[in-house]
Amino acid sequence: MQDAYFVSENGSDDMGDGSEFNSFSTIQHALDFVSPNDTIFVANGRYSENIVWPVTDGIKLIGEDRETTIIDGGDNGVVISVGSGVSSNTLITKFKITGGSSISAGGIYAGSSSSPTFRDLLITGNQASGSTTSAGGGMHFGPSTSLVEDVIITGNYAQDAGGGIACGASNGENPTFKRVVIANNGAEEWGGGGVYAYNSQPQFINCTIVNNTSPNGQVLSTSGGSYPTYNNCIIWSVPATTSIGSGTGEYTITYSSVYGFETGVTDGNGNIGSYPVFTNHNNDDFTLQEGSPCIDTGDPSTELDPD
């Protein structure tokens, strides 16, 4: 039997039973209380928590709205850490994830062969810092086959690499990103202001990766054994840079708009090098205007966009 439980700022972990009118007050308490395949509905509000996901599969954690249902790590650790025992049946959706800060990750960490589904999140204002190996300001993945879709990752920072996303040590288990915006993130020492991959092969499909900064690979950075793929993506940088990425790994970019980089990356594989014609990139509106060269020029083998 699948049950539903509720969390609100006005609830009580001591007196509440998790029902709609007698809710819990913290997400962590609800997670520790529920059984596999249960659903937790979280009301709008700010929840100051550093959540450690229990070894309970199939929990659906659902916020009310990703702009106003906020989980704030208070610069006191990773906001959400997901370890082993969690499959794609687990869902985290409709939250703003902010205030995460630790050596190994900022907003979200998923590893140890956990593969939760992340959907409709805003991940912003997180950092991985404190070490020359700190990576994954927004999200950091170890071995994981997670699906990340319809997520915005913006304004995050990593001291070493992967201001937006870091993917590593996959052991053949790699996340997939669909319709994800990775914008205005930054990284320092190794690079990859947007994305850093090490010993992993993540896939990016229909993603927008723009305005990320780093002195060593503004957008993408890789290291040994990494072969990330980008299909139907927009990869853009202002000001223009002479290199799209850095490191010792390789990346494959197909049917994508790659603007502001060396001309060689746009040769073949269906890539174009034209400015995408965003609606208003100065105000972080990366939707496409009518007449954009990116419209109807993606991979012909994929489903048609319903525009």
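By the criterion applied here, in which a side-chain nitrogen of Lys or Arg lies within 4 Å of a carboxyl oxygen of Asp or Glu, the count comes to 5 salt bridges. The structure is a predicted model, in which local features need pLDDT of at least 70 and side-chain atom pairs count only at pLDDT 80 or more, while totals for chains, interfaces and linings use all residues. Residues are numbered from 1 along each chain as its sequence is written, and side-chain values use heavy atoms, with hydrogens and water left out.

Arginine 119 and glutamate 149 form one of these salt bridges, with their closest N and O atoms 2.6 Å apart. The pair connects distant parts of the chain, since arginine 119 belongs to strand β12 (residues 117-119) and glutamate 149 to strand β16 (residues 147-149), 30 residues apart; strands (E, at least two residues) and helices (H or I, at least four) are DSSP runs numbered from the N terminus. Burial is assigned from relative accessible area with a 1.4 Å probe and protein chains only: under 20% is buried, over 50% is exposed, and values in between are partly exposed. On this scale arginine 119 is partly exposed at 31%, whereas glutamate 149 is buried at 11%. Glutamate 149 also forms a salt bridge with arginine 179, for which the closest N and O atoms are 3.3 Å apart. This second pair again links distant parts of the chain, arginine 179 being placed in the loop between β20 (176-178) and β21 (181-183), 30 residues from glutamate 149. Arginine 179 is itself partly exposed, with a relative accessibility of 39%, and its side chain meets that of aspartate 150 in a salt bridge of 2.8 Å, N to O. Because aspartate 150 lies in the loop between β16 and β17 (152-154) and arginine 179 in the loop between β20 and β21, this pair ties together parts that are 29 residues apart in sequence. Aspartate 150 is partly exposed, at 31% relative accessibility. Through shared partners, the salt bridges join Arg119, Glu149, Asp150 and Arg179 into one network.

Aspartate 150 is also approached by arginine 66, a polar atom of whose side chain lies 3.3 Å from the backbone oxygen of aspartate 150. Arginine 66 is located in the loop between β5 (60-63) and β6 (69-72), and its C-alpha atom is separated by 5.8 Å from that of leucine 121, although the two residues are 55 positions apart along the chain. Leaving aside neighbours within four places in sequence, the contacts of arginine 66 (heavy atoms within 4.5 Å) include Lys94, Phe95, Asp120, Leu122 and Ile152.

The strands include an open sheet of 9 members in the order β3-β6-β9-β13-β17-β21-β25-β28-β31, with parallel pairing, where two strands are taken to pair if DSSP finds at least two bridges between them. Its edge strands are β3 and β31 (257-259), each of which pairs on one side only. The twist averages 10 degrees from one strand to the next, with axes fitted as lines to C-alpha atoms and angles running from 0 to 180 degrees between N-to-C directions. At one edge, β3 and β6 pair in the parallel sense over 4 bridges, and glycine 45 stands opposite threonine 69 in β6. Side chains alternate along β3 (residues 45-48), with Gly45 and Tyr47 pointing to one face and buried, while Arg46 and Ser48 point to the other and are not buried. At the other edge, 3 bridges join β28 (residues 234-236) to β31 in parallel, and the bridge partner of isoleucine 234 in β31 is serine 257.

The largest nonpolar core, defined as a set of buried Ala, Val, Leu, Ile, Met, Phe, Trp, Tyr and Cys residues joined through side-chain atoms within 4.5 Å, has 48 residues, and those with the most contacts inside it are Ile27, Trp53 and Ile80. At least two residues of this core are supplied by each of several elements, among them β1 (4-7), α1 (27-33), β2 (39-42) and β7 (80-82), and α1 gives the most, with 3 residues. Not counting residues up to four places away in sequence, isoleucine 27 touches Val7, Val42, Tyr47, Glu49, Ile51, Leu61, Ile71 and Phe95. A second, separate core of 7 residues includes Ala183, Val210, Trp236 and Cys294.

How values were computed
A polar contact is a pair of N or O atoms within 3.5 Å; within protein, one must be able to donate a hydrogen and the other to accept it, and residues adjacent in sequence count only if both atoms are side-chain atoms.
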